[in-house]
Amino acid sequence: MKTLINIVWFKRDLRLTDHQPLLRASEDSTPVLLLYFFEPSIMAAHDSDERHWRFVQESLLDMNNALSKMNLQIQAIDGEVIASLEKLVSVFEVKKIFSHQETGNHISYQRDLAVAGFCQQHNIGWHEYPTNGVIRGLKTRKDFTARWLRTMTAPIFSVDWTKLATASLPDNLLKPFDYRFTANSVFQPGGSSAAHRYLKTFLNARHVNYQKHISKPEESRKSCSRLSPYLAWGNVSMKEVYRATLHAMAQSPNKSSLRFFTHRLHWHCHFIQKFESECRMEFENLNRGFDEIRTEIDKKLVDAWENAQTGYPLIDACINCVKTTGYLNFRMRSLLVSFFTHHLWQPWQAGAHFLARQFLDYEPGIHYPQFQMQAGTMGVNTIRIYNPVKQSIDHDPEGNFIRKWLPVLQRIPNTHIHEPWRMTSEEQTLAGITIGVDYPQPIVAIAETARFAREHLWRTKNSVAVQFENKGILKKHTKRKTEKENTLRAPLPAGDTMPLNL
Ligand SMILES: Cc1cc2nc3c(=O)[nH]c(=O)nc-3n(C[C@H](O)[C@H](O)[C@H](O)COP(=O)(O)OP(=O)(O)OC[C@H]3O[C@@H](n4cnc5c(N)ncnc54)[C@H](O)[C@@H]3O)c2cc1C
């Protein structure tokens, strides 16, 4: 007779605290396997990069370090989920699988459908629990914020580890993952320990200039929370971050910064909810009325953008920075997409995978809706065409960020750092640079490209086709006036203590 087991399947929830699947598995007396699958099909996809898997590896090592004290371990498997489950059911009777719901890309969605089919076929109960404040099957946004607040203030899921009986995996049944990625200290390290450190330093001190620095490419790196990779890979739950923030607010000299921050936390789920409700957004314009514009890809322009060769210093510095470090603040991400879609007039789809590979915090549910919002293809949002020179003057006035990520512009004085092509040949000689040779001339003239984009985008936005689509989009994806973020005022439950021992 086969041994009865349950499985906890870790996905983008790489933590041990506030983890409902783990709690439910611990409440069931059946021995459990704790599994993570490094899936070759997902790792080889166009939106995937080694930086993501190094982060996952670090997260698992961090979890196993904590689990080893309780003689427990998560098994990291190198293999596809269905193929692995087939092997598991050949030696075990799998009773239940516990996991979080995942709002992933098309490949992970198809895989989940296959897992659901497999479970039905093999009489396995797949118990999926909501991730953060995202609601599966939501039809309208009527009371999304109120429900989000209820989730954030509900009890933290806390496992009694003495109750978790583990099963052992027979040798050679599944291929163990070889933990092959070497550390790279330029990136934020993965794992809950690092997540808690970032949260603690942000709440204790770094948040003080949050609002002032949020749009600055250099200063935001310290003044923003930098929690995005930890939330994206689930090293910390949204509920833990939200509650810790409310506790910190009581002591903070800058409460408004932390309140502003809670709105961003809400945005996290608000955007993922859009994608959860309409995942075709990974490939298609949300508003189909935009399907007729920006249909051609100009490979030369795409290459120039990806290789920091546009001739616009802030754009090129941002590309070099995100390639090297995996991080950019929100405004600079918006600027890159705005430049790509509006000034270079490229379809957003031609740039989305490239940036997905660069962002350490790549979260499909935020990435694609944000990309479309900046590209103006949602239909319901205002169209913003950023001027890369103005953004540069406003947010990097001394050119410190530019010089850091474009060393070729090192000796250019502040007067010309935002528009180096305006230097005379004598000024170029003095700065040790020849524009057009050492650094490109601007690849487009932004006054003209902005005019062209504005005209075409607004004409399309006001078209019958876009306005017609907007009705359904407004109903499905936008919050009611009464649900706007100024209603984010949920008191903590009486007697609530700071989660996570920060
Ligand atoms: C084109 C584009 C693509 C993006 N892709 C991603 C992505 O793949 N993953 C991702 O986490 N964020 C993405 N963002 C949103 C945002 O840029 C990052 O969440 C933010 O810069 C992360 O820095 P932080 O953790 O210091 O943020 P903070 O300002 O400290 O905010 C705290 C948290 O709130 C959430 N948040 C903040 N801003 C936003 C926002 N605009 N939309 C949704 N959630 C937000 C994030 O989870 C963030 O970690 C994207 C933005 C754009 C314009």
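This passage describes a predicted model of a protein chain with a bound ligand, from overall fold to local detail.

The protein chain contains 22 helices and five strands. Its radius of gyration is 24 Å, close to the 23 Å that the globule rule gives for 502 residues, so the chain is as compact as a globular protein of that length. The C-alpha trace spans about 85 × 50 × 50 Å along its principal axes. Of the 502 residues, 44% are buried. Contacts across the sequence are frequent: among those with a separation of 6 or more, 82% link residues 24 or more positions apart.

The five strands form an open sheet. Their order is E3-E2-E1-E4-E5, and the pairing is parallel. Strand E3 (75-78) and strand E5 (125-129) lie at the edges, where each pairs on one side only. From one strand to the next, the twist averages 30 degrees. Within this sheet, strand E1 (residues 3-10) runs parallel to strand E4 (residues 92-100), and six bridges join the two. Val8 illustrates the pairing: its bridge partner in E4 is Phe98. Helix H4 (residues 81-91) packs on the sheet. The helix touches strand E2 (32-38), E3 and E4. The direction of H4 makes about 145 degrees with that of E4.

Phe118 offers a local view of a helix residue. This residue lies in helix H5 (residues 106-121). There are 18 other C-beta atoms within 10 Å of Phe118; a residue counts as buried at 20 or more and as exposed at 12 or fewer, so Phe118 is partly exposed. Leaving aside neighbours within four places in sequence, Phe118 is in contact with Ile82 and Leu85. Both positions fall within the span of helix H4, residues 81-91. His456 is 338 residues from Phe118 along the chain, and the C-alpha atoms of the two are separated by 48 Å.

The ligand is surrounded by 26 residues. The closest are Cys224, Ser225, Ser228, Arg264 and Gln370. Four helices each give two or more residues to this shell: H10 (228-232), H12 (255-277), H15 (330-343) and H17 (364-375). By class, the shell has 13 nonpolar, eight polar and five charged residues.

Key: Residues numbered from 1 in each chain as written. Predicted model: local features only at pLDDT ≥ 70, side-chain atom pairs only at ≥ 80, totals over all residues. Near = placed C-beta within 6 Å. Nonpolar A, V, L, I, M, F, W, Y, C, P; charged D, E, K, R; others polar. Rg over C-alpha atoms; globule rule 2.2 N^0.38 Å. Contact = placed C-beta atoms within 7 Å. Pairing = 2+ DSSP bridges. Axes fitted to C-alpha atoms, helices over the stretch in contact; angles between N-to-C directions.
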